[in-house]
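Here is a short report on a protein model. Look at the whole first, then follow the text from residue to residue.

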There are 2 protein chains.
Amino acid sequence: MTRPGIDADRLWGDMMALGGITEPDRPYTRRAFSPMFAAGRAFLAERMRDAGLSVRIDAAGNLIGRIEGAIPGLPAIAMGSHSDTVPSGGRFDGIAGVIAALEVARAIAEAGAPLRHPLEVIDFLAEEPSDFGISCIGSRGMTGRLSAEMLAATAPSGHSLADGISDVGGDPDRLDEAVRTDIGAFLELHIEQGPVLEAEGIDIGIVTAIAGIRRIEIEFAGQAAHAGTVPMHLRRDAGYAGALAMIAVRERAEAMAAAGLGYVVATVGIVDVRPGGSNVVPGRCRLVVDARSDVLALIDAFMEGLRADCVAVAAKAKVELAGFRTLSDGVPAICAPALRQAIGAAADGLGLSAVDIASGAGHDCAFLAAICPAAMIFIPCLRGMSHTPEEYATEAQLAAGTATLLETVLALDGDG
Amino acid sequence: MTRPGIDADRLWGDMMALGGITEPDRPYTRRAFSPMFAAGRAFLAERMRDAGLSVRIDAAGNLIGRIEGAIPGLPAIAMGSHSDTVPSGGRFDGIAGVIAALEVARAIAEAGAPLRHPLEVIDFLAEEPSDFGISCIGSRGMTGRLSAEMLAATAPSGHSLADGISDVGGDPDRLDEAVRTDIGAFLELHIEQGPVLEAEGIDIGIVTAIAGIRRIEIEFAGQAAHAGTVPMHLRRDAGYAGALAMIAVRERAEAMAAAGLGYVVATVGIVDVRPGGSNVVPGRCRLVVDARSDVLALIDAFMEGLRADCVAVAAKAKVELAGFRTLSDGVPAICAPALRQAIGAAADGLGLSAVDIASGAGHDCAFLAAICPAAMIFIPCLRGMSHTPEEYATEAQLAAGTATLLETVLALDGDG
């Protein structure tokens, strides 16, 4: 028996190999429920078996590799992320966490002595929004948050999500069996998908919380009119109202972020101005606002302030605030302090720099946090890019994160 | 011989009859070059012949009815507008000016003595943008402004504009013959298409100038990014830049309009934010700005100021001003002071209220102003609406405008 250690070359080789399983005409694409996704999972299952893990698909369609622990009855230490991608996505988002978990399990298996706890490597089903329009399907299923309504959601093909789960080897009729009460800790390694770690030259991000995301739709209704014949002071220009509201979103989020009470970002990603003719004063404007924070009260405060802004904006532009509607609402998930501490100690022991960071993106870990202590390890990525073929982390960055994951697992196994 | 007078009921009856010639499933639609357009022109030609006018189609495809004058060699007094509509348009835009001209010619013909000058009623071909993407085709042709490039423009059907002109009875190979040097005055009656006359309770608008229209395309290029992971202060949000520029357009135009140096309006009618996902910080934003004034220097000043605004906006949003490009540029057309004076005297003689007003919309008259003294009579329309089936002017409003047109023609004939 030797002390477990990761093999950085093998780790990188598996990353590149899984990345290579892509729709050839639009790298890197391995969408959940697609044949390429199945090929990726076959690759992962084979690697897990090669390392001595027992492999199964749970009722929610998650691929799980497991090594039993030395002491019966202890809860499992689980690691993982997702192997599916967005269309024309990258090779690291999700995948890094699955391959890192595989490497950690492999290193432990090779060392010749099992942990005290069972160890699991999980590839959660369909973290990215798939054709069914629902994200985090597998982690929702594992935490009892996949509703009958979601199972009935249909893809453009006409297939239901229940069909999709069956197709990947799950059992939508027995979803209860996927819900876990035997996980003692969950750890997810992930690329940051943002620019902070790289900009600050930090090796490891210790995630404090996964931001809650509230999406709202704002609609202004004015009066479409001839762009030449209606004097400025008589206009009821919904586009003008929309522009004022966009500024309000930006300035309010900037001010709240600068106040330092928590992580706050807000984005207007969808702007729809109608009728959309160069010679027509817009009569309608629709905005979709995405606001995120690791502190729920800050999301509430942002939205309360923005609603007041929109009432003022509508009055200024002489239009009607025709809608201010919540499209979706997810609360922040707090990462377990004990796990964060373990990650910090592991990084410190490895001589790596680490910093607390909020995750602005959603992750499977946010669901796992509802059933067990859960935490995340972020590694830097090139210029914060994600969901693009240019998405990148270096072999050294990935190895540093994976080593931190391994040391954290070993520490948790020793403590728990 | 009696003094000519208009017949308001006959005038209104012809308006409604021509309006009734519409695609039945989307009133009021009589698009240039369509079978419905041909039916409308057949109606007009028949009414002209019934009134004793000689009828022809010129080489540019304009329908022209004419009564010769009593004194050989005098230039013609011409009146007219256009009978084509936008899809799902109204019964008055353009049509009112053609029918009013017909009624004036009919009233003069009935009175039993010709004018000293020849009198013409003109239905200009395709004032509205047709499938060929070019407006004011007939008035361009009559004034020598229909280029070979325009003639080669093709509709989605594959037909060229030259084909279209042939189809309506014109002769694109002999366009020179359409260019007129024998018109002494041109008068166009039109609905205001704006809210000013109705709001102020005025019967007649004496158009001072037809606004020049400059359209520019502004593009901002930032960096598309994850809406959750990029802190506010690191964003390069092109949508934010776009919103700031939209505010600049509005506030600059408002300030210039309020300064009272001329008519100024500016509109952002097209807003295109990419990639357009709720969870993506916009990387590109494209705006189309339509700015109009009756004073060319004010358009220049507006655009110069706006360009400086956009440079400042791009710096503030940390994006690039990737484009500030003129898409089209039309200079203001000044209405002839002598004709304006005649219109004012005619209205006054009829006991009608009148006010000077700039035309923010383009009209065939803007082209005619390049070859002869030209002017326009505006009549009020319901809530300023145009290019919609709700477009409306009352029988009394139309009759007042037509009577003003008749009295102006009679005065010009006496003076000229």
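A residue counts as buried under 20% relative accessible area, exposed over 50%, and partly exposed in between, using a 1.4 Å probe and protein chains only. By that rule A:Arg215 is buried, with a relative accessible area of 19%.

This is a predicted model, in which local features need pLDDT of at least 70, side-chain atom pairs count only at pLDDT 80 or more, and totals for chains, interfaces and linings use all residues. Residues are numbered from 1 along each chain as its sequence is written, chains are lettered from A and ligands numbered from 1 in the order written, and side-chain values use heavy atoms, without hydrogens and water.

UniProt, in an unreviewed entry, places the feature "binding site" at A:Arg215, A:Asn279 and A:Arg292. Such annotations may be inferred rather than shown by experiment. Two of these residues sit in strands (DSSP runs of E, at least two residues, numbered from the N terminus).

| Residue | Strand of chain A | Relative accessibility |
|---|---|---|
| A:Arg215 | S7 (residues 212–221) | 19%, buried |
| A:Arg292 | S11 (residues 284–293) | 3%, buried |

Contact means heavy atoms within 4.5 Å. A:Arg215 touches residues of both chains, including A:Arg292, A:Asp290, B:Ser278 and B:Asn279, not counting residues up to four places away in sequence.

How do the chains relate? Chain B can be laid on chain A with an RMSD of 0.1 Å, by a turn of 180 degrees and a shift of 0.0 Å along the axis. That is the relation of a two-fold axis. The superposition is by least squares on C-alpha atoms of residues with pLDDT of at least 70 in both copies.

How values were computed. Helix = DSSP H or I, 4+ residues; strand = E, 2+ residues; numbered from the N terminus.
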